[in-house]
Amino acid sequence: TMTTQIRCLISAGPTREWIDPVRFISNPSSGKMGYALAEEAVSRGFEVYLVSGPVSLQPPTGAEVIKVESAQEMQEAMFRLFDQASLVIMAAAVSDHRPSHCSRQKIKKSDFPNSLELVPNNDVVASLVGGRRPGQTIVGFAAETENLLEHARQKLEAKDLDWIAANDVSSDEHGFQSDFNDVTLLSKSEETIPLGRKSKSEIAKKILDYVWP
Ligand code: CTP
């Protein structure tokens, strides 16, 4: 008999918003959490698509990796793969803004402006949710430095997600660059599940246990 594989779509890493050919706006996301989720999803037999911003990690064996740079490229890749996915996990740290203009040539120091004009990027996961079909599970992340659970709960509701993984990025002991993360999972049905401080691969296992039991 044929078994149809569950397709899982995961985003990971930062985005880069270019100012000119030598400068960009980004953030310290390492991609480790999203890559750990992709690896764990492969080992559970999912067909895994990993949309990745620029990171220095080995691609997880068995996952289809789509490399992107900007938030706009990430959005395009996520939209293209969204329909076929049953489980979508948005672990990427998407830049909320981009420069209103990207210069074709390096801006000389003497010409560099004192302030940059920025325009907002689209909220990728919120747009995906807007076009969801029944049966899709959509999971977001919330990176916070204060009022972790309150802010994460607000994001879960504002973006209409099924789950949000709240992580505290105020400490060097876990979060962005670290191999560890301290995550609390919140569900639409108002569960609050502390996963504790663990390696990102252990956190990935726990997240998948809950969101795709
Ligand atoms: N996200 C997204 N598109 C964006 C910004 C964020 O899809 N342009 C997603 C992230 O991948 C994450 C969730 O939204 O799954 C929350 O991201 P976060 O940066 O914590 O929140 P923001 O919506 O950017 O809110 P704020 O900056 O006010 O904390």
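In the predicted model, the ligand is surrounded by 14 residues, of which Met90, Ala92, Val125, Lys155 and Lys159 are the closest. By residue class, this shell comprises eight nonpolar, two polar and four charged residues. Two secondary-structure elements, H3 and S9, each contribute at least two residues to the shell. The largest contribution comes from S9, which supplies four residues.

Polar contacts to the ligand involve both side-chain and backbone atoms of the protein. An N or O atom in the side chain of Lys159 lies 2.6 Å from a ligand oxygen atom. Lys159 is also listed among the closest residues of the shell. A ligand oxygen atom is likewise found 3.0 Å from an N or O atom in the side chain of Asp96. At Asn122 the contact is made through the backbone, with a polar backbone atom 2.9 Å from a nitrogen atom of the ligand. The ligand in isolation exposes 580 Å², and 76% of this area is buried by the protein.

The space taken by the ligand corresponds to the largest pocket of the model. This pocket holds about 750 Å³ of space. Its lining consists of 38 residues, and those closest to the pocket centre are Ala92, Ala93, Val94, Phe141 and Ala143. Four elements provide two or more lining residues each, namely helix H1 (32–43), helix H3 (124–130), strand S9 (137–144) and strand S10 (163–168). Strand S9 gives the most to the lining, with four residues, and S9 also gives the most to the ligand shell, again with four. Helix H3 contributes at least two residues to the shell and two or more to the lining. Ala92 appears both among the residues closest to the ligand and among those closest to the pocket centre.

In composition, the pocket lining divides into 17 nonpolar, 15 polar and six charged residues. For the shell around the ligand, the corresponding counts are eight, two and four.

Technical notes: Residues are numbered from 1 along each chain as its sequence is written. This is a predicted model: local features need pLDDT of at least 70, side-chain atom pairs count only at pLDDT 80 or more; totals for chains, interfaces and linings use all residues. Side-chain values use heavy atoms; hydrogens and water are left out. On a 1 Å grid over the protein atoms alone, a cavity is a set of points where a 1.4 Å probe fits but cannot get out, and a pocket is an open set with protein on both sides within 12 Å along at least five of seven lines; lining residues have an atom within 4 Å of a point. Grid points are joined across faces, edges and corners, and a volume is the space filled by probe spheres set on the points. Ala, Val, Leu, Ile, Met, Phe, Trp, Tyr, Cys and Pro count as nonpolar, Asp, Glu, Lys and Arg as charged, and the others, Gly among them, as polar. A residue is near a molecule or strand if one of its heavy atoms lies within 4 Å of it. A polar contact is a pair of N or O atoms within 3.5 Å; within protein, one must be able to donate a hydrogen and the other to accept it, and residues adjacent in sequence count only if both atoms are side-chain atoms. Accessible areas come from the Shrake-Rupley method with a 1.4 Å probe; for residues, only the protein chains shown count as cover. A molecule sits in a cavity or pocket if more than half of its atoms lie within 2 Å of its grid points.
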